[in-house]
Amino acid sequence: NFIVNGSFENSSFNCNGQGYCLGLVGSAVPGWFIPASDGTYPWGLQNVNAFNAGPTPYGNQWFVLGEVGTGVDYTIQQTMTGLTPGDTYHLSFAIASETGCCAVGEVSFLSGSSTGPMDFTALPSGNYWQESTWSTQNENFVATNSSVTIQFKDLAAEFPGGFDLGLDNVIVTGATTTPEPGSLLLFGSGLLVGLGVLRRKMNL
């Protein structure tokens, strides 16, 4: 996994002893960077908390983006390293709505990839990110550099009908190299030669 702290377990979302931590900003979450906060959002929760929220199926705690009440799109970012330019990577992550229907999140690549932004919609939910409404989302992206910066954004202003987006279990795995056209030609030639040999053997 090229993502550091993708399940937000290396953080302590228990700032007040009640199982949550408000106003996360900057490098407050290890491995991640949070550009802005209003002192309340973004925030994080543990499975045991004062709101009886959750739990997440992916560990002990999760991260909350956005503030639908004021229409602010908050973001969280991470720069991955050690990727191979030209290779395709697989991103998976889990999202949930705080309540109602349906929070919408955007995944974009701020640098190191030519893959464009994509929106993902969370399932309808009861109160407070219920466990059964977490859903895993998937996307492939192509690296154009050995380091790639990925960003998650809650589209609170664009989709005010949704409620605050929960994020968890971010994973980026394995590369699949796309063969060069010359390699494909050689493979095809070899296949034809192999079939010819097999046909001759069967006719003997």
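This is a short walk through one protein model, taking confidence, aromatic rings, one buried glutamine and a hairpin in turn.

Okay, so first, keep in mind that what you have up there is a predicted model. How confident is the predictor? Mean pLDDT for the protein comes out at 88, with 86% of residues at 70 or more. The high end is strand β4, residues 75–80, with a mean of 98, and the low end is helix α1, residues 181–203, with a mean of 48. Over residues 183–187 pLDDT stays under 50, and the model has 1 contact for that stretch beyond four places in sequence. Where pLDDT is low, the predicted coordinates should not be read in detail. I'll leave that part alone, then.

On to the rings. There are 18 aromatic pairs in the structure. Take Tyr41 and Trp43: their ring centres are 6.3 Å apart and the planes sit at 75 degrees, and since anything over 60 counts as edge-to-face, that's what we call this pair. Both Tyr41 and Trp43 are buried. Trp43 also pairs with Phe51, with centres 5.7 Å apart and planes at 85 degrees, so that one is edge-to-face as well.

Now, are Trp43 and Phe51 buried or exposed? Trp43 has 7% relative accessibility, so it counts as buried. Phe51 is at 31%, which means partly exposed. And these three residues belong to one aromatic cluster, whose other members are Tyr20, Tyr58, Trp62, Tyr128, Trp129 and Trp134.

Next, have a look at Gln151. You'll find it in strand β9, residues 148–154. Its relative accessibility is 9%, so Gln151 counts as buried. What does its side chain make a polar contact with? That would be the side chain of Gln77, at 2.9 Å. If you skip residues up to four places away in sequence, Gln151 touches Thr75, Ile76 and Gln77, and also Glu106, Val107, Ser108 and Leu110.

Glu106 takes us to the last stop, because strand β6 covers residues 104–111 and pairs with strand β7, residues 118–121. The two run antiparallel, over 4 bridges. Within β7, Glu106 has Asp119 as its bridge partner. Together β6 and β7 make a hairpin, with 6 residues between the strands. In the turn, keep an eye on Gly112, which has a positive phi of about 85 degrees.

That's my tour; happy to rotate the model for anyone.

Technical notes
Residues numbered from 1 in each chain as written. Predicted model: local features only at pLDDT ≥ 70, side-chain atom pairs only at ≥ 80, totals over all residues. Heavy atoms only, no water. pLDDT = per-residue confidence, 0-100. Contact = heavy atoms within 4.5 Å. Phe/Tyr/Trp six-rings, centres within 6.5 Å; stacked < 30°, edge-to-face > 60°. Buried < 20%, exposed > 50% of the residue type's maximum accessible area, 1.4 Å probe, protein only. Polar contact = N/O pair within 3.5 Å; in protein donor to acceptor, adjacent residues only side chain to side chain. Pairing = 2+ DSSP bridges.
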